[in-house]
Amino acid sequence: QVQLVESGGGLVQAGGSLRLSCGASGMNLSISNIGWYRQAPGKQRELVALIRDDTITYYPEPVKGRFTISRDKAKNTVYLQMNSLKAEDTAVYYCNKFPSSNAYWGQGTQVSVSS
């Protein structure tokens, strides 16, 4: 069985930073294409960062220049560093394989940014 666990969310003021972690059991994150996704109330889930083919990364325009995805292969962990946070970044953040699998959505971690 595969289980993905997100951690590191919390409350932060606009302009602040958070570092999210994604750990896995039953999956080797070091050889997987992994995305960070977020979903705010009333909005569809969206991809906010991707690492694929070992080191290639992708960020959509709303977070480009502010978010960074990275791996620690020895720890089987994927991180999302979020800087210069804005109120519109408030959402539940999830990690998953890319393309995503419905079998792998976990509880996510809440990020709340106050303006």
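# A tour of two sheets and one disulfide

Start with strand β8 and select Thr77: this residue is the bridge partner of Gly23 in β3. Keep in mind throughout that the model is predicted.

**Stop 1: the β3–β8 pair**

Stay with these two strands. β3 and β8 run antiparallel to each other, joined over six bridges. Now select Leu20 and Leu80. Leu80, in β8, is the bridge partner of Leu20.

**Stop 2: the four-stranded sheet**

Widen the selection to the sheet around this pair. Four strands make an open, antiparallel sheet, in the order β1-β3-β8-β7. Which strands stand at the edges? They are β1 and β7. Each has a single partner strand, so one side of each lacks a neighbour in the sheet. Neighbouring strands here are turned by 20 degrees against each other on average, direction ignored.

Move to the β1 edge. Strand β1 covers residues 3–7 and pairs with β3 in the antiparallel sense, over five bridges. Select Glu6 to see one such match: its bridge partner in β3 is Cys22.

**Stop 3: the disulfide**

Keep Cys22 selected and add Cys95. A disulfide joins the two, with 2.1 Å from S to S. Cys22 belongs to strand β3 (residues 18–25) and Cys95 to strand β9, so the pair ties together parts that are 73 residues apart in sequence. How many disulfides does the structure hold? It holds one.

Look along the S-S bond. The torsion about the bond of Cys22 and Cys95 is about 75 degrees, so this disulfide is right-handed. Are the two cysteines buried or exposed? Both Cys22 and Cys95 are buried.

**Stop 4: the six-stranded sheet**

Follow Cys95 into β9, then select the sheet that holds this strand. Six strands form an open sheet here, in the order β2-β10-β9-β4-β5-β6, with mixed pairing. The edge strands are β2 (10–13) and β6 (56–58), and each pairs on one side only. From one strand to the next, the twist averages 20 degrees.

Compare the two pairings that involve β10. Strand β9 (residues 91–97) and strand β10 (residues 109–114) are antiparallel, with three bridges. Select Val92 to find Gln110 of β10 opposite. On the other side, β2 and β10 pair in the parallel sense over four bridges. Here, select Leu11: its bridge partner in β10 is Ser112.

Now colour β10 by face. Which residues make up its covered face? They are Thr109, Val111 and Val113. The uncovered face has Gln110, Ser112 and Ser114. In a regular strand, side chains alternate between the two faces of the sheet.

**Stop 5: the nonpolar core**

Next, select Trp36, Phe67, Ile69, Leu80, Met82 and Tyr93. These have the most contacts inside the largest nonpolar core, which has 26 residues. Leu80 was met earlier, as the partner of Leu20. Which elements give two or more residues to this core? They are β3, β4 (34–39), β5 (46–52), β7 (67–72), β8 (77–82), β9 and β10. In soluble globular proteins, nonpolar side chains tend to be buried together.

**Stop 6: Arg71**

Select Arg71, found in strand β7. Is this arginine buried or exposed? The cut-off for buried is under 20% relative accessible area. At 18% relative accessibility, Arg71 therefore counts as buried.

Show what surrounds Arg71. Leaving out residues up to four places away in sequence, Arg71 touches Leu29, Ser30, Ile31, Ser32, Ile34, Ile51, Arg52, Asp54, Thr77 and Val78. Thr77 is the residue that opened the tour, the partner of Gly23. Then add Ser21, 50 residues from Arg71 along the chain: their C-alpha atoms are separated by 9.7 Å.

**Last stop: the whole chain**

Zoom out and select everything. The protein has zero helices and ten strands. Its radius of gyration is 13 Å, close to the 13 Å that the globule rule gives for 115 residues, so it is as compact as a globular protein of that length. Turn the view along the principal axes: the C-alpha atoms fill a box of roughly 40 × 25 × 20 Å.

Colour by burial to finish. Of the 115 residues, 42% count as buried. Then show contacts with a separation of 6 or more: residues 24 or more positions apart account for 53% of them.

Technical notes:
Residues numbered from 1 in each chain as written. Predicted model: local features only at pLDDT ≥ 70, side-chain atom pairs only at ≥ 80, totals over all residues. Heavy atoms only, no water. Pairing = 2+ DSSP bridges. Axes fitted to C-alpha atoms, helices over the stretch in contact; angles between N-to-C directions. Disulfide = S-S within 2.5 Å. Buried < 20%, exposed > 50% of the residue type's maximum accessible area, 1.4 Å probe, protein only. Core = buried A, V, L, I, M, F, W, Y, C linked by side-chain atoms within 4.5 Å. Rg over C-alpha atoms; globule rule 2.2 N^0.38 Å. Contact = heavy atoms within 4.5 Å.
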